[in-house]
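Good morning, and thank you for joining. I should like to walk through one protein model with you, beginning with its charged side chains and ending with its pockets.

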Amino acid sequence: MMVVTRSGACSPAKFDVALQQCRANSTHLVLYLASDIATLTRFYPAASDQSPTSSSQSHPRDISGSCLSSQISREMENNLPVNIHEYQELAKKALPKMHYDYINGGAEDEHTLRDNIAAYGRILLRPRVLVDVSNINMSTSLLGYKMPSPIIVAPTGSHKLANPEGEVATARAAASCNSIMVLSFSSSCRIEEVASSCSAIRFYQLYVFKNRDVSATLVRRAESHGFKAIVLTVDTPMLGRREADIRNKMVAPPNENLEGLMSFDDLDSTDGSKLEKYARDTLDPSLSWKDVEWLKSITSLPILLKGIVTAEDARKAVEVGAAGVIVSNHGARQLDYAPATISALEEIVKAVAGAVPVLVDGGVRRGTDVLKALALGARAVMVGRPVLFGLAARGEAGAKHVIEMLNRELELAMALCGCRSVAEVTRDRVLTEGDRLRALL
């Protein structure tokens with residue numbers, strides 16, 4: 001039984017999280033104070049005719065299977081967030097500050113964090129009209145796998161910070177949308193647990209540890225449980241300076257996938273986050289291009305390199321046999337003042353010259369952002385934080401709704417730009433800052 005015995009306002013996000021936790025644990029939600037239900041009805045008026053009498057203040061009210069519960073649930077479903085920003089606001093209210101800062105924060109001054117989003121706003125669309133857009137086809141393919149849309153769930157860690165079901169809930173949400181999910185090495189659910197949760201195409205994201213046997217074991221486990229590709233993160237020889245985590249003394253969440261492989265007994269830190277010390281003690285700063293060859297020697301899965309932001313590194317990735325390049329600055333959590341990923345995308349697309357698919361992540365908040373990335377040459381677009389915001393606000397249903405919203409927004413943007421298929425989302429559909437500057441010359 002979960003008992004809410006709080007005074008003051010009851011936010012819809014916190015209430016929804018409580019309901020999600022109860023559903024996950026097959027428990028009952030009890031509002032102990034009449035004031036809780038009274039404040040709740042300010043957000044969900046349909047429940048007002050079920051408000052308790054004053055005598056309820058001294059008796060817990062079980063709403064798990066009651067008319068009140070069903071009316072509140074209906075009201076919540078009728079008042080869903082309409083965009084990613086609203087989901088972010090709900091997530092901020094629902095999560096402890098330490099956890100929200102961990103999910104949403106970036107490195108140092110957070111210039112790149114802001115610019116990842118702002119850079120999309122500096123790209124304009126060039127719609128074509130009088131095109132028959134009665135049928136829009138958003139499908140594409142990646143590494144031979146067909147996708148109903150080019151939106152992929154990016155690897156983000158520790159989903160249980162957002163919801164008790166963690167990555168299992170995210171995996172089910174992605175599968176219900178037929179979206180590829182990339183499972184983070186820092187997943188709070190075991191590889192095997194996520195793999196058995198639903199049938200879907202999934203990739204596995206890997207860091208290289210000082211102890212190579214740990215990385216090799218994770219690769220073997222992912223491969224044996226049906227993961228279709230390895231996404232090697234190459235921009236983290238050491239952890240970026242995430243000042244919010246340092247200030248909050250962020251604790252490294254448990255990583256069940258590393259149980260029995262590594263010891264975490266000594267994570268005390270007096271001058272930073274425990275997460276920072278964990279990364280310093282485990283990640284290999286000597287990681288280099290030759291380690292891509294090592295990784296290829298231990299798996300038959302295709303390997304995509306995530307963390308490329310320059311043409312030089314993109315060409316090198318092709319030379320060493322990468323199956324794909326992911327333009328990423330690690331969600332602006334590593335090197336501040338690195339370029340916004342959408343600003344670096346076209347340079348990298350030109351550098352690989354079609355040899356391998358190019359993906360991009362970072363800053364995507366709208367379907368129009370996805371369209372802009374496709375126009376600049378991305379094969380697919382990876383979305384991380386928005387899915388976590390949905391998960392924090394409404395559990396699996398929220399994560400699914402975020403993916404669905406972005407897909408609907410992309411479909412609408414394609415129609416309004418006169419693009420009937422992904423193949424028609426071409427370079428001439430966007431106007432970048434560079435385009436505008438060149439027009440002045």
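Let me begin with one pair, D101 and K97, whose side chains form a salt bridge with an N to O distance of 2.6 Å. Please bear in mind throughout that this is a predicted model. Both residues belong to helix α5, which covers residues 97-104. They are 4 residues apart there, or about one turn of the helix. How do the two partners stand with respect to burial, buried or exposed? D101 counts as buried because its relative accessibility is 14%, and the cut-off for that class is under 20%. K97, by contrast, is exposed, with a relative accessible area of 55%.

The next pair reaches across the sequence. R212 and D291 form a salt bridge, and their closest N and O atoms are 2.8 Å apart. Which helices does this pair bring together? R212 lies in helix α9, residues 212-224, and D291 lies in helix α12, residues 290-298, so the salt bridge ties together parts that are 79 residues apart in sequence. D291 is buried, at a relative accessible area of 5%. The pair is also part of a wider arrangement: R212, D284, K290 and D291 are linked in a network of salt bridges.

As a third case, consider E319 and K316. Their salt bridge has its closest N and O atoms 4.0 Å apart, and the criterion asks for a nitrogen within 4 Å of a carboxyl oxygen. Both residues sit in helix α13, residues 311-319, and because they are 3 residues apart, about one helical turn separates them. E319 counts as exposed, at 61% relative accessibility, while K316 counts as partly exposed, at 32%.

As general background, side chains of opposite charge can pair when their charged atoms come close. The structure as a whole holds 20 salt bridges.

Let me now turn to the overall architecture. The protein contains 17 helices and 15 strands. Of its 441 residues, 56% are buried. Among contacts between residues at least 6 apart in sequence, 72% join residues at least 24 apart. The accessible surface comes to about 18700 Å², and carbon and sulfur atoms account for 52% of that area.

I close with the pockets. The largest has a volume of about 760 Å³. Which residues lie nearest its centre? They are Y102, T156, G157, S186 and R333, out of 43 residues that line the pocket. The elements that contribute two or more residues to this lining are α5, α11 (274-282), β14 (380-383) and α16 (385-416). Helix α5 is also where we found the salt bridge partners D101 and K97. By class, the lining of the largest pocket comprises 21 nonpolar, 14 polar and 8 charged residues.

The second largest pocket has a volume of about 350 Å³. It is lined by 19 residues, and those closest to its centre are V234, D235, G307, I308 and D313. Its lining divides into 10 nonpolar, 7 polar and 2 charged residues.

To return to the opening theme, the three pairs discussed were D101 with K97, R212 with D291, and E319 with K316. Thank you for your attention.

Methods. Residues numbered from 1 in each chain as written. Predicted model: local features only at pLDDT ≥ 70, side-chain atom pairs only at ≥ 80, totals over all residues. Heavy atoms only, no water. Buried < 20%, exposed > 50% of the residue type's maximum accessible area, 1.4 Å probe, protein only. Contact = heavy atoms within 4.5 Å. Areas by Shrake-Rupley, 256 points an atom, 1.4 Å probe, with all protein chains shown as cover. 1 Å grid on protein atoms, 1.4 Å probe; cavity = no way out; pocket = protein on both sides within 12 Å on 5 of 7 lines; lining within 4 Å. Points joined across faces, edges and corners; volume = space filled by probe spheres on them. Nonpolar A, V, L, I, M, F, W, Y, C, P; charged D, E, K, R; others polar.
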